[in-house]
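Please open the model in your viewer and keep the selection panel at hand. We will go from one stop to the next, choosing residues as we go.

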Amino acid sequence: MKRVLVANRGEIAVRVIHACRSLGLETVAIYSEADRDALHTRLADRAVCVGPPPAAASYLNVSAILATARGTGCDTVHPGYGFLSENAAFAAACLEQGLRFVGPSPEAIRLMGDKLEARRLAAGLGVPVVPGSPGPVRSVEDAAAIGYPLLLKASAGGGGRGMRVVRTAAELGSAIERGAGEARASFGDGTLYAERYLERVRHVEVQVLADARGGVVHLGERDCSLQRRHQKILEEAPSPVLSPPLRRELTEAALRLVQAVAYQGAGTVEFVFDPDAGRFYFIEMNTRIQVEHPVTELITGLDLVALQLRLAAGEALPLAQADVRFVGHAIECRINAEQPDKGFRPNPGTVTAWVPPRGAGVRVDTHVEPGTVVPPFYDSLLAKVVAHGADRPAAIARMREALVAFQVGGVSTTIGFHRRLVDHPDFVAARVHTRWVEEELARATATRAT
């Protein structure tokens with residue numbers, strides 16, 4: 001491995017370029033016309049424009065990306081997260097062109113990308129799954145057999161697209177129609193399945209690493225319960241609510257799944273956890289690096305992106321499970337260019353001032369600097385602020401200081417929203433769940449209206 005094409009943009013492209021440099025690897029960035037002056041295009045050893053601003057014409061333009069990789073002498077492609085990172089056809093096309101793909105095999109991506117097949121696999125391995133439909137939902141009767149409330153999910157996708165909570169029989173028909181249409185538009189596949197909708201659960205996921213020689217380790221769990229519209233907004237590690245026996249059960253279940261599909265590279269096995277019942281259920285596996293990987297890096301001291309690259313180069317895992325050490329607690333806040341008081345509407349524009357927090361135990365992953373133009377075409381993530389402390393209270397205190405110090409001008413951000421979030425008694429006491437943010441926002445709106 002000598003030269004890596006970074007098939008992404010924003011903070012993850014910058015993150016991958018830094019990891020490549022730490023390993024002595026050359027980098028080639030791709031960019032759209034909207035990102036001509038972006039930080040990742042200037043950091044890479046070389047940068048090539050692959051198309052106009054819309055992602056479909058640039059960051060999702062497979063033929064242009066592969067032609068760039070070949071034309072610049074790259075031997076490896078790192079997809080980052082989002083865009084083509086979990087596209088089995090793209091991974092296969094890279095291999096056909098003689099390029100390493102930093103990720104698992106196309107077969108593993110395809111298998112775990114089919115949520116229904118992944119559910120069947122997990123159930124067959126004795127990993128608990130949320131009670132639900134054994135196959136695709138093809139009729140109102142298929143879904144109604146699950147009972148209410150139920151959750152319709154897209155078999156081919158994630159990120160909340162195609163997902164619908166259905167509480168009554170009267171809602172079901174239109175929910176199936178709209179969910180299937182959204183899934184078809186987003187993933188080219190309108191297949192839906194149904195699960196019982198579990199109220200007030202937490203989202204807990206296990207980070208895994210695996211090599212091509214059968215070596216596999218877990219790097220503990222992350223708690224991503226604070227979400228809005230199924231999008232994570234704050235993550236922490238370890239989970240503040242898991243007991244040691246449950247943590248052991250959860251990580252062992254994740255490793256069984258990973259070993260069953262002969263997985264290679266970095267991946268995340270996602271579960272929901274019902275604190276009242278003390279039970280967890282598998283929901284899906286993400287076959288890529290996650291946005292929230294820095295919290296795991298801070299409590300383990302490992303560079304996950306560098307490890308991804310080493311595993312893609314065919315190296316064995318450099319550590320066994322007994323070598324993994326967990327130190328302290330870490331929290332990540334995603335800072336977006338959004339207007340929280342206007343329904344979190346995206347707020348593209350030019351960043352006129354940028355003063356990120358600094359200091360011991362604080363890390364900021366970003367692609368932003370003064371003068372950065374935030375285009376309207378992509379995800380509005382500006383930065384990830386990560387605080388690490390000896391324990392959870394120390395990490396929360398450090399995050400509070402970091403958010404107060406963080407100053408941004410020119411665009412609205414979610415910094416103030418996060419300040420209120422980490423001060424909230426429910427967050428401090430770990431009493432949140434995956435619907436907590438939306439319920440709290442609804443309460444705040446109702447209070448203002450009275």
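This tour of a predicted model moves from a sheet to ring pairs, then to the cores and some backbone details.

**Stop 1: the open sheet.** Start by colouring β1 to β5. These five strands make an open sheet with parallel pairing, and their order across it is β3-β2-β1-β4-β5. Select 46–51 for β3 and 100–101 for β5: these are the edge strands, each with a single partner, so one side of each has no neighbour in the sheet. Now add residues 76–78, strand β4, which runs parallel to β5 and is joined to it by two bridges. Show Val77 and you will find Phe101 of β5 opposite.

**Stop 2: a helix residue.** Select 62–71, helix α3, and pick out Ala67 within it. Is Ala67 buried or exposed? Neither label fits: Ala67 is partly exposed, because its relative accessible area of 37% lies between the 20% and 50% limits. Try a distance from here to Gln97, 30 residues away along the chain: the C-alpha atoms of Ala67 and Gln97 are 9.6 Å apart.

**Stop 3: the rings.** The whole structure holds eight aromatic pairs. Display Tyr59 and Phe83 as sticks; their ring centres are 5.1 Å apart and their planes meet at 20 degrees, so this pair is stacked. Tyr59 sits in the loop between β3 and α3, and Phe83 in the loop between β4 and α4, so the pair ties together parts 24 residues apart in sequence. Tyr59 is buried, at 0% relative accessible area, whereas Phe83 is partly exposed at 29%. Add Phe377 and Tyr378 to the selection, and you have a cluster of four residues linked by ring pairs.

For another geometry, go to Phe271 and Phe280. This pair is edge-to-face, with 5.4 Å between centres and 85 degrees between planes, and both residues are buried. Then select Arg392 and Phe427: the charged end of Arg392 sits over the Phe427 ring, 4.7 Å from the ring centre.

**Stop 4: the cores.** In soluble globular proteins, nonpolar side chains tend to be buried together. Here the largest nonpolar core has 32 residues, and Leu226, Leu234, Ile335 and Met399 have the most contacts inside it. Which helix gives this core its largest share? Select α12, which supplies five residues. Centre the view on Ile335, whose contacts include Leu381, Val385, Leu403, Phe406, Ile415 and His418. Apart from this core lies another one of 31 residues, among them Ile12, Leu209, Ile289 and Leu311.

Now look at helix α13, residues 415–423. Its buried residues are Ile415, Phe417, His418, Leu421 and Val422. Turn the view to look down the axis of α13: these residues fall within an arc of 150 degrees, so they line one face of the helix.

**Stop 5: the backbone.** Most residues other than glycine have a negative phi, and most peptide bonds are trans. Show the bond from Tyr148 to Pro149, which is cis with omega near -5 degrees; Pro149 is in the loop between α7 and β6. Another cis bond joins Ala237 and Pro238, with omega about -5 degrees, and Pro238 lies in the loop between β11 and α9.

Return to Phe83 for its positive phi, near 40 degrees. Finish at Arg200, where phi is positive too, near 55 degrees. Arg200 is in the loop between β8 and β9 and is partly exposed, with a relative accessible area of 46%.

Key:
Residues are numbered from 1 along each chain as its sequence is written. This is a predicted model: local features need pLDDT of at least 70, side-chain atom pairs count only at pLDDT 80 or more; totals for chains, interfaces and linings use all residues. Side-chain values use heavy atoms; hydrogens and water are left out. Two strands pair if DSSP finds at least two bridges between them. Helices (H or I, at least four residues) and strands (E, at least two) are DSSP runs, numbered from the N terminus. Buried means under 20% relative accessible area, exposed over 50%, partly exposed in between (1.4 Å probe, protein chains only). The arc is that of the directions from the helix axis to the C-beta atoms. A nonpolar core is a set of buried Ala, Val, Leu, Ile, Met, Phe, Trp, Tyr and Cys residues joined through side-chain atoms within 4.5 Å. Contact means heavy atoms within 4.5 Å. Rings of Phe, Tyr and Trp (its six-membered ring) pair if their centres lie within 6.5 Å; planes under 30 degrees apart count as stacked, over 60 as edge-to-face and the rest as tilted. A charge sits over a ring if NZ of Lys or CZ of Arg is within 6 Å of the ring centre and within 35 degrees of the ring normal. Lists of a residue's contacts leave out its neighbours within four places in sequence.
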